[in-house]
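Subject: Structure for your review

Dear colleague,

Please find below the structure that I am handing over to you, together with its sequence. I would be grateful if you would read the notes that accompany it with the coordinates open beside you.

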Amino acid sequence: MNLVNATDATTAGLDNYVNLPAAQQPTWPDLAALDAAKVELSKRAPLVFAGEVDLLRNRLADAAAGKAFLLQGGDCAETFADATAEKIRNRVKTMLQMAVVLTYGASMPVIKMGRMAGQFAKPRSSNDETREGLTLPAYRGDAVNGYDFNLESRTANPQRLLQAYETSASTLNLIRAFTKGGFADLRSVHEWNRGFANNPVNAKYLSLAKEIDRAIKFMAACGADFEELRTTEFFVSHEALLFDYERPMTRIDSRTGGAYDLSGHFVWIGERTRQLDGAHVDFLSRVRNPIGVKLGPTTSTSDVLSLIEKLDPNREPGRLTFISRMGASKIREELPKLVEAVKDSGATPLWITDPMHGNGITTKNGYKSRRFDDVMDEVAGFFEVHRAAGTFPGGVHVELTGDDVAECLGGSELIDEGTLEERYESLCDPRLNHSQSLELAFLVSESLTKR
Ligand code: PEP
Ligand code: CO
């Protein structure tokens with residue numbers, strides 16, 4: 001494959017976004033340093049390959065057609081400091097375990113996709129943050145500024161764009177090693193649970209792992225060839241928020257002349273940047289990647305139909321994923337009309353649920369949290385709505401970590417407000433921990449079986 005930088009790709013209209021309002025962009029004080037960082041980024045090797053991006057589009061087309069299920073998960077905000085081998089391995093292991101639960105329960109291929117290797121930029125509800133009388137720029141993710149609350153750290157620094165690239169590259173390198181180098185071999189289904197705490201959901205996982213082992217041994221005795229089990233496909237995704245990162249990472253593929261955002265396989269537009277006439281929708285309408293759009297509870301049917309017109313005018317299978325994030329109390333009310341309108345229009349996007357972002361609460365002791373029961377209820381509502389409409393509930397999008405944190409309330413470990421004080425690590429939204437993630441996978445797997 002031959003890739004050229006899309007610097008003079010005027011025909012692709014890639015730079016049209018500069019004429020449009022772009023929400024949620026940082027203010028960079030040093031514009032010369034910003035330009036230098038963008039030029040440098042545009043010369044770096046792509047993080048993923050256009051052929052892999054095309055393969056993912058085909059996989060997502062299967063999910064949209066009801067023949068596969070998407071599992072998308074990872075941090076709310078990745079950080080440079082936490083891009084360690086141990087944390088990345090735990091997250092990949094957790095995703096592999098969830099995928100096994102889903103595959104086995106639903107007897108259906110599961111597409112594994114991390115919110116990983118690029119999730120370094122965050123939209124914020126306010127530009128600034130004030131603490132004890134001092135007002136500084138809000139933290140916008142490690143690709144922009146630091147979390148520490150002082151002026152130097154909070155000043156947007158373009159060198160961080162390059163550090164986001166480097167950290168994404170090393171994260172992806174590890175993910176590829178874990179998933180292609182034997183670690184993800186289905187015959188290691190027991191190993192993935194090693195090191196995680198003993199609790200009822202892990203025990204449930206172990207008994208499923210035993211069944212899988214028995215099935216594999218039986219097949220081996222029958223002479224089956226297990227090369228297929230040795231490795232697994234794993235894709236990476238993030239919110240395409242920062243034009244100063246995404247644009248330099250976009251390249252023209254010489255095979256097809258198409259533009260690909262090669263910072264990740266799949267990129268999505270967030271709830272705060274999905275304006276129909278805004279820069280994000282325009283820019284992503286011009287790249288060939290499969291893309292997602294978050295849909296919150298204020299989304300109208302005409303918004304959804306216009307998004308389809310702009311982002312998927314050719315109704316290409318696998319191109320467009322709608323990620324609904326309504327909140328448990330609203331999904332049964334708000335989602336049906338959107339699903340029906342899309343169905344009537346003849347479009348067949350992939351529908352997945354993000355049961356996290358509509359369910360935020362602040363606890364009495366001041367933590368940003370989510371109740372695990374609300375998360376589960378939104379997933380249940382998602383299945384109910386699609387079952388009633390006759391459409392396919394094609395995946396879940398969750399914020400999770402493989403670590404033993406306490407950020408979401410409840411689950412089989414009964415995490416309460418006090419526990420948050422002991423094991424809360426996220427710099428942004430609260431994530432499901434390892435056992436809550438597995439529990440969610442079991443619920444989804446049961447819902448898929450009932451479907
Ligand atoms: C997120 O996915 O972390 C996020 C900010 O979501 P949303 O755009 O749905 O609010
Ligand atoms: Co989040």
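The notes below describe the metal site, the ligand site and several individual residues.

Please bear in mind throughout that this is a predicted model.

The metal site

The cobalt ion (ligand 2) has four protein donors, namely Cys-76 (SG), His-357 (NE2), Glu-399 (OE) and Asp-429 (OD), at distances of 2.1 to 2.4 Å. Along the chain these donors follow the spacing C-x280-H-x41-E-x29-D. Glu-399 and Asp-429 are 30 residues apart and link distant parts of the chain: Glu-399 belongs to strand 15 (residues 393-399), while Asp-429 sits in the loop between helix 13 (417-423) and helix 14 (434-450). Glu-399 counts as buried because its relative accessibility is 0%. Asp-429, at 9%, also falls under the 20% limit and is therefore classed as buried.

The site of ligand 1

The residues around ligand 1 are Cys-76, Arg-115, Lys-122, Pro-123, Gly-270, Glu-271, Arg-272, Lys-294, Arg-325, His-357 and Glu-399. Sorted by class, this shell holds seven charged, two polar and two nonpolar residues. Cys-76, His-357 and Glu-399 appear in this shell and are also donors of the cobalt ion.

Three side chains place polar atoms close to oxygen atoms of ligand 1. For Lys-122 the distance is 2.7 Å, for Arg-115 it is 2.9 Å, and for Arg-272 it is 3.2 Å. Taken alone, ligand 1 exposes 300 Å², of which the protein buries 97%.

Arg-115 deserves a further remark. Arg-115 is located in the loop between strand 3 (110-114) and strand 4 (128-131), and it is buried because its relative accessibility is 1%. Besides its approach to ligand 1, the side chain of Arg-115 forms a polar contact of 3.1 Å with the side chain of Glu-399. Glu-399 is in turn a donor of the cobalt ion.

Thr-299 and Lys-337

Thr-299 lies in the loop between strand 10 (291-295) and helix 10 (301-311). With 3% relative accessibility, Thr-299 counts as buried. Its side chain makes a polar contact of 3.2 Å with the side chain of Arg-274, and a polar atom of the Thr-299 side chain lies 2.5 Å from the backbone oxygen of Gly-296. Apart from neighbours within four places in sequence, Thr-299 is in contact with Arg-274, Val-304, Lys-337 and Leu-338.

Lys-337 is part of helix 11 (residues 331-345). Its relative accessibility of 37% makes Lys-337 partly exposed. Leaving out residues up to four places away in sequence, Lys-337 touches Thr-299 and Thr-301.

Backbone angles

Most residues other than glycine have a negative phi. Two residues merit inspection in this respect. Gln-24, which is not a glycine, has a positive phi of about 65°. Gln-24 is found in the loop between strand 1 (3-5) and helix 1 (31-43) and is buried, with a relative accessible area of 16%. Arg-315 likewise has a positive phi, near 50°. Arg-315 lies in the loop between helix 10 and strand 11 (320-324) and is partly exposed, with a relative accessible area of 31%.

Yours sincerely

Technical notes. Residues numbered from 1 in each chain as written. Chains lettered and ligands numbered in written order. Predicted model: local features only at pLDDT ≥ 70, side-chain atom pairs only at ≥ 80, totals over all residues. Heavy atoms only, no water. Helix = DSSP H or I, 4+ residues; strand = E, 2+ residues; numbered from the N terminus. Buried < 20%, exposed > 50% of the residue type's maximum accessible area, 1.4 Å probe, protein only. Contact = heavy atoms within 4.5 Å. Near = heavy atom within 4 Å. Polar contact = N/O pair within 3.5 Å; in protein donor to acceptor, adjacent residues only side chain to side chain. Areas by Shrake-Rupley, 256 points an atom, 1.4 Å probe, with all protein chains shown as cover. Nonpolar A, V, L, I, M, F, W, Y, C, P; charged D, E, K, R; others polar. Donors = N, O, S within 2.8 Å, 3.2 Å for Na, K, Ca; no water.
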